[in-house]
Amino acid sequence: PKMRKPKNIEKYQENYSESNLQRKLTSVARWAGAKVVYAVLLLYYVLRNPNVSTADKSKIYGALGYFILPTDLILDIIPLAGYTDDMAAIMWAIHTVAKNITPEIKAKAKAKLGEWFDNYNEKKIDKVI
């Protein structure tokens, strides 16, 4: 099934920076939950792969920029519900660039996830992709 592209996702690219992403993840990891954090980490590690096309990176920058932006459609301060629109953008990007998500990228994302979450449900995490 084809996922619907979030409206105007490209315009959020300007909100992306590695430091902004780090700050956002650090501040919201517990609220957002392991699944959201893992999905973001997958995209982050895909971005760092020099073999990924500029077009795919552009989609990721837009999705992560949207995640970073504090004034999105549903306020992020509302636990769980506040990340539904962020997760829709992130999942669209993951679906779009899935061919770039290697076992090595998954392993890096899980290792980093372990720094924020002592234990997480690996079965739920594996359903992200």
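In this predicted model, Asn-100 touches Val-46, Val-52, Asp-56 and Ile-105, leaving aside residues up to four places away in sequence. Asn-100 itself lies in the loop between H4 and H5, and this loop residue counts as buried because its relative accessible area is 13%, under the 20% that marks the limit for that class. Among the residues that Asn-100 touches, Asp-56 stands out for a further link, since the side chains of Asn-100 and Asp-56 are joined by a polar contact of 2.9 Å.

Asp-56 also enters the description of Lys-57, a residue placed in helix H3. Lys-57 is buried but takes part in no salt bridge, and Asp-56, which carries the nearest side chain of opposite charge, is 9.9 Å away. With residues up to four places away in sequence again left out, the contacts of Lys-57 are with Val-46, Leu-47, Asn-49, Pro-50 and Val-52. Val-46 and Val-52 thus appear in the contacts of Lys-57 and also in those of Asn-100.

From these two polar residues the reader may turn to the largest nonpolar core, which holds 45 residues and in which Leu-21, Phe-67 and Ile-94 touch the most other members. The elements that supply two or more residues to this core are helix H1 (18-32), helix H2 (34-47), helix H3 (54-68), helix H4 (84-96) and helix H5 (103-116), and of these H2 gives the most, with 13 residues. Helix H3, which is one of these contributors, is also the helix in which Lys-57 is found, while the loop that holds Asn-100 runs between H4 and H5, two further contributors to the core.

Technical notes: Residues are numbered from 1 along each chain as its sequence is written. This is a predicted model: local features need pLDDT of at least 70, side-chain atom pairs count only at pLDDT 80 or more; totals for chains, interfaces and linings use all residues. Side-chain values use heavy atoms; hydrogens and water are left out. A nonpolar core is a set of buried Ala, Val, Leu, Ile, Met, Phe, Trp, Tyr and Cys residues joined through side-chain atoms within 4.5 Å. Buried means under 20% relative accessible area, exposed over 50%, partly exposed in between (1.4 Å probe, protein chains only). Helices (H or I, at least four residues) and strands (E, at least two) are DSSP runs, numbered from the N terminus. Lys and Arg count as positive and Asp and Glu as negative; His and the chain ends are not counted. A salt bridge is a side-chain nitrogen of Lys or Arg within 4 Å of a carboxyl oxygen of Asp or Glu. Contact means heavy atoms within 4.5 Å. A polar contact is a pair of N or O atoms within 3.5 Å; within protein, one must be able to donate a hydrogen and the other to accept it, and residues adjacent in sequence count only if both atoms are side-chain atoms.
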